[in-house]
Amino acid sequence: LAVRGRPDDYRATLDGRLQSNAAAPLRARAAVAGDLRALRVERLSLASSELDAELAGRLGWADGLSVSAGIELARLEPGRWLSFWPSGEALSGKATVELDGSRLAIEQVELIQRDAALRGGGTVDLDAGVVELALDWQSMQWPLAPAEPRLTSRTATLELAGKPSDSRCRR
């Protein structure tokens, strides 16, 4: 860890390894900058035998809590945590989200495993009491590829809209 600057204008870099019983040893590299109002994650790289991901974002606290983040998931092998996940199969994807007070905006979420894709986005605003979410998928199957499917869904869209106390779901 290397830090330079003052509390109102600082930069830091990190290059380290994290070890846990819950995951493979992980190498983390980060470059951050900030001031008295916010912390900017210019780059956070995570790499292990189960994961390769890049993240960038911002955490603000001057006018209430706000978070924005983008993640590029090059590879995740979740078999350690999900017993049904096929051995050696990876998941990839990306996501962009923003949280500003009680409003969560999911600009995009995309997860891909082989030919299967899950994409979505939307908004949840607790102060306004509004929920608007959409989820699309294609080439989904159970069990997951490469196993022979017992259940398949070529394409579908699921939409949830309304208020938490009065919402509608459309497929």
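These legends go with several close-up views of a predicted model.

**View 1. The whole sheet, strand by strand.**
Start with the overall layout: twelve strands make up an open sheet, and they follow the order β1-β2-β3-β4-β5-β6-β7-β8-β9-β10-β11-β12. The pairing is antiparallel. At the edges sit β1 (2-6) and β12 (166-170), each of which pairs on one side only. From one strand to the next, the twist averages 10°. As a reminder for reading the closer views, strands of a sheet pair through backbone hydrogen bonds, either parallel or antiparallel. It also helps to recall that in a regular strand the side chains alternate between the two faces of the sheet.

**View 2. Two hairpins that share β4.**
Here we zoom in on β3, β4 and β5. Strand β3 (residues 23-34) runs antiparallel to strand β4 (residues 38-47), and eight bridges join the two. Want a landmark in this pairing? Look for A31, whose bridge partner in β4 is R43. The turn leaves three residues between β3 and β4, and the two strands form a hairpin. On to the next pair: β4 is joined to strand β5 (residues 51-60) by eight bridges, again in an antiparallel run. A handy residue pair here is L46 and A53, with A53 standing opposite in β5. β4 and β5 also form a hairpin, with three residues between them.

**View 3. Strands β10 and β11 side by side.**
Eleven bridges hold the pairing of strand β10 (residues 130-142) with strand β11 (residues 151-163), in the antiparallel sense. To get your bearings, find M140 and look across to S153 in β11, which stands opposite.

**View 4. T123 and its surroundings.**
T123 is part of strand β9 (residues 116-125). Which residues does T123 touch, leaving out those up to four places away in sequence? The contacts are R103, L104, A105, V130, V131, E132 and L133. For a sense of how the chain folds back, take T123 and L160: they are 37 residues apart in sequence, yet their C-alpha atoms are 10 Å apart in space.

**View 5. A salt bridge between β2 and β3.**
The structure holds eleven salt bridges, and this view picks out the one where the side chains of R27 and D15 meet, at 2.8 Å from N to O. R27 is in strand β3 and D15 is in strand β2 (residues 9-20), so the pair ties together parts that are twelve residues apart in sequence. How accessible are the two partners? R27 has 31% relative accessibility, so R27 counts as partly exposed. D15 is partly exposed too, with a relative accessible area of 44%.

**View 6. A salt bridge between two loops.**
R37 and D63 form a salt bridge, with the closest N and O atoms 3.4 Å apart. This pair links distant parts of the chain, since R37 is in the loop between β3 and β4 while D63 is in the loop between β5 and β6, 26 residues apart. R37 is partly exposed, with a relative accessible area of 47%. D63 counts as exposed because its relative accessibility is 67%, and the cut-off for exposed is over 50%.

**View 7. E77 with R75, and a shared network.**
The side chains of E77 and R75 meet in a salt bridge, at 3.4 Å from N to O. Buried or partly exposed: which word fits E77, and which fits R75? E77 counts as partly exposed at 25% relative accessibility, whereas R75 is buried with a relative accessible area of 18%. Elsewhere, D15, R27 and R29 are joined into one network by salt bridges that share partners.

**View 8. The loop between β6 and β7.**
Two residues are worth finding in this loop. L82 lies between β6 (66-76) and β7 (91-100) and counts as partly exposed, at 31% relative accessibility. L82 also helps make a nonpolar surface patch of about 510 Å², along with W81, F84, W142 and L151. E89 is found in the loop between β6 and β7 as well, but at 12% relative accessibility E89 counts as buried. Not counting residues up to four places away in sequence, E89 touches L76, E77, P78, Q113, R114, A145 and P146.

Methods:
Residues numbered from 1 in each chain as written. Predicted model: local features only at pLDDT ≥ 70, side-chain atom pairs only at ≥ 80, totals over all residues. Heavy atoms only, no water. Patch = residues over 30% accessible without salt bridge, like charges linked within 9 Å, V, L, I, M, F, W, Y side chains within 5 Å. Areas by Shrake-Rupley, 256 points an atom, 1.4 Å probe, with all protein chains shown as cover. Salt bridge = Lys/Arg side-chain N within 4 Å of Asp/Glu carboxyl O. Helix = DSSP H or I, 4+ residues; strand = E, 2+ residues; numbered from the N terminus. Buried < 20%, exposed > 50% of the residue type's maximum accessible area, 1.4 Å probe, protein only. Contact = heavy atoms within 4.5 Å. Pairing = 2+ DSSP bridges. Axes fitted to C-alpha atoms, helices over the stretch in contact; angles between N-to-C directions.
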